[in-house]
Amino acid sequence: METEGPGILFTIAAFIGGFSILVFIHEWGHFIVARIFGVKVDTFSIGMGKEVFGRTDKNGTRWKFSILPLGGYVKFFGDASAASNPGDIPEDISDEEKNVCFHYKPVWQRALIVFAGPAINLVAAALVFAAFAFTNGVSISEPVIASIVEQSAADKAGLLPDDRIISVNGETVSRFSDVGNIIRLYPAATIPLVVERDGARQTIMVTLDITYMQDRFGNQYPLGRLGVGSGRPVLMELGVVAALNEGVRQTVDMGDMMFTTLGQIVLGVRSVKELGGPVRIANMVGEAASISLTSFIFFLAILSLNLGIVNLLPIPVLDGGHLMFYGLEAVKGSPLSKKAQEASFAAGMALMLIFMVFVTLNDLQSMAL
């Protein structure tokens, strides 16, 4: 039975609050590494557009909230705009000002400052996952088949109880949950499973079933299904170090799943309708917040992971685009021409605007169905 979703005001408040936290974390990464390297920061803004309120600290940084609560930025000394375009190298400034100007720092320092934003989003996600693992423990089952559903993909492929699954589609597994995490990415696909049976390993091709997961608000998602059951799981309590390792492990696994899903959409294996935009994300944030505080925090960790990964894509206007230019500068020995950089950033901005319009229309269409 579907559950009525949270109200629109609650959803908007949860989305703005949650997204502002993620933006702050991201921009703080840029900020703190810039300060380590002696770069003067003119502005730290949560939101875009006209300032609503703010204050200036003793270092001359203006901390502010702006009227449009989508995004944010850190503006370094010498930037012509909040975008910190590599072509914005100021002229006619003193040697003292050059010492605190972002664009006069060595390329490796600029790259680290830019990389710090996405990196801290990934670190924040790993820490949240680690905190949950430390608090709740981890339920672990060996990747051994205990039961098989009749007429399922596993049954038709000839898998048997007591088969130990070694790898799924080329990815080594150490837990039964690893099997499920990989399988669900390939609905109706034919993939290889390496299993150990009676001490010998063999590869079995399996054509997975497709099923649909429906959440408590009626949203549906296509998933691959093998049709096997695990043995009794063991709940393991973790110490601090083990929990941190588990947090990193979950971050890497989720990141891999995101890249796999994105690749499937690009190759046409999955429908582009699965791409969610701001409307769908806002709904999901509101839904998570309406369930519990822990659900809200966990979902924000997943969004933080998404934000970190997306920002590393080599698209001009994103952090990954800046890093791409710095990489070319390091190889070439000098920056690309200002004209080439401006053209690239204009193309990147156009691409992002087209993408945002597309996913927003996607969201509205799915809501109308």
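**Strand pairing, helices and a surface patch in the predicted model**

Four bridges join strand S5 to strand S7 (residues 190-197), and the two strands run antiparallel. The model described here is a predicted one, and its features are taken up in turn, beginning with the sheet to which S5 belongs. Within the pairing of S5 with S7, Ser167 stands opposite Val194 of S7, while Val168 has Leu193 as its bridge partner in S7. S5 also pairs with strand S6 (residues 171-172), again in the antiparallel sense, over two bridges, and here the partner of Ser167 in S6 is Thr172. Ser167 thus has a partner in S7, namely Val194, as well as one in S6, namely Thr172.

The connection from S5 to S6 is a hairpin with two residues between the strands, and Asn169 in the turn adopts a positive phi of about 50°. Taken together, four strands form an open sheet in the order S6-S5-S7-S8, with antiparallel pairing. The edges of this sheet are S6 and strand S8 (200-207), each of which pairs on one side only. As for cover, strand S5, which comprises residues 164-168, is mostly shielded, since four of its five residues are buried.

Among the helices, H3 covers residues 107-136, and its 30 residues should span 44 Å at 1.5 Å a residue; the C-alpha atoms at its ends lie 43 Å apart, which agrees with that expectation. H3 nevertheless carries a kink of about 40° at Ala116, a position shortly before the proline Pro118. Phe115 is also found in H3, and this residue counts as partly exposed because its relative accessible area is 37%, a value between the limits of 20% for buried and 50% for exposed residues. The C-alpha atom of Phe115 is separated by 28 Å from that of Ala14, a residue 101 positions away along the chain. Just after H3, Gly137 takes a positive phi of about 80°.

Helix H7 (residues 278-291) has 14 residues and should therefore span 20 Å at 1.5 Å a residue, which agrees with the 20 Å between its end C-alpha atoms. The residues of H7 that are buried are Arg280, Ala282, Val285, Gly286, Glu287, Ala288 and Ala289. For helix H9 (residues 319-332), also with 14 residues, the expected span is 20 Å at 1.5 Å a residue, and the end C-alpha atoms are 20 Å apart, so that expectation and model agree. Its buried residues are Asp319, Gly320, Gly321, His322, Phe325, Tyr326 and Glu329. H9 is followed by Gly333, which has a positive phi near 90°.

A further feature is found on the surface, where Met48, Val52, Phe53, Phe65, Ile67 and Leu68 form a nonpolar patch whose accessible area amounts to about 580 Å² together. Strand S1 (41-56) and strand S2 (62-76) each contribute at least two residues to this patch. One of its members, Phe65, lies in S2, and with a relative accessibility of 41% Phe65 is classed as partly exposed.

Conventions: Residues are numbered from 1 along each chain as its sequence is written. This is a predicted model: local features need pLDDT of at least 70, side-chain atom pairs count only at pLDDT 80 or more; totals for chains, interfaces and linings use all residues. Side-chain values use heavy atoms; hydrogens and water are left out. The expected span of a helix is 1.5 Å times one less than its number of residues. The bend at a residue is the angle between axes fitted to the seven residues ending there and the seven starting there. Patches are made of residues with over 30% relative accessible area and no salt bridge: like charges are joined within 9 Å, nonpolar side chains (Val, Leu, Ile, Met, Phe, Trp, Tyr) within 5 Å. Accessible areas come from the Shrake-Rupley method with a 1.4 Å probe; for residues, only the protein chains shown count as cover. A salt bridge is a side-chain nitrogen of Lys or Arg within 4 Å of a carboxyl oxygen of Asp or Glu. Buried means under 20% relative accessible area, exposed over 50%, partly exposed in between (1.4 Å probe, protein chains only). Two strands pair if DSSP finds at least two bridges between them.
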